Amino acid sequence: MAKKKRAVITGCDGNFTEFAEDLLRSIRRFQNLDFDLCFICMGKDPKVRELATKYCDDLVAFENPKAPDKGNVISANGLKPLLPQIFPGYESYMWIDADVWVQNAAGFAQVFRAANILRIEEKKD
């Protein structure tokens, strides 16, 4: 399947798989989404990869050997600014925490519309 222009990204370690599944199910119930759903698998728990494979268009595994049990701290503090490098090729990126449930898909369109209005161009040296 061809890659879309926008990516909605989440991720978790084994401590948040139940929350993440609720999030992913709440998103996948909407039809004709105009973004790819991407997932960062943190840590070694195989349930996380199974979950991401079931619901997401793309996934990346990430493990911090210095802090293998601190997956969510790593995402909050280090991975979000790197989303364009982790999932290259998208025009817009949106991170959504794994413990969120999506009530209405209109919010995605609003966030991406605002991103287009406020687009920050990458400075090229």
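This passage looks at a central strand and its neighbours, and then at the aromatic pairs, in a predicted model.

A good place to start is strand 2 (residues 36-42), where seven of the seven residues are buried, so the strand is largely enclosed by the rest of the structure. In a regular strand, side chains alternate between the two faces of the sheet. Here both faces are covered: Asp36, Cys38, Ile40 and Met42 are buried on one side, and Leu37, Phe39 and Cys41 are buried on the other.

Strand 2 has parallel partners in strand 1 (residues 6-12), through six bridges, and in strand 3 (residues 58-62), through five bridges. In the pairing with strand 1, Cys41 of strand 2 stands opposite Cys12. The connection from strand 1 to strand 2 runs through helix 1 (residues 17-28) as a right-handed β-α-β crossover. Towards strand 3, Cys38 faces Asp58. The chain reaches strand 3 from strand 2 by way of helix 2 (residues 46-55), and this β-α-β crossover is likewise right-handed.

Turning to the aromatic rings, a search of the whole structure gives four pairs. One of them joins Phe16 and Phe19, with ring centres 5.7 Å apart and planes at 40°, so this pair is tilted. Phe16 is partly exposed at 27% relative accessible area, and Phe19 is partly exposed at 45%. Phe35 and Phe112 make another tilted pair, at 6.3 Å between centres and 40° between planes. Because Phe35 sits in the loop between helix 1 and strand 2 while Phe112 belongs to helix 5 (residues 106-117), the pair ties together parts 77 residues apart in sequence. Both Phe35 and Phe112 are buried, and together with Phe108 they form one aromatic cluster.

Notes: Residues are numbered from 1 along each chain as its sequence is written. This is a predicted model: local features need pLDDT of at least 70, side-chain atom pairs count only at pLDDT 80 or more; totals for chains, interfaces and linings use all residues. Side-chain values use heavy atoms; hydrogens and water are left out. Buried means under 20% relative accessible area, exposed over 50%, partly exposed in between (1.4 Å probe, protein chains only). Helices (H or I, at least four residues) and strands (E, at least two) are DSSP runs, numbered from the N terminus. Two strands pair if DSSP finds at least two bridges between them. A crossover is right-handed if, with the strands pointing away from the viewer, the path from the first strand over the helix to the second runs clockwise. Rings of Phe, Tyr and Trp (its six-membered ring) pair if their centres lie within 6.5 Å; planes under 30 degrees apart count as stacked, over 60 as edge-to-face and the rest as tilted.
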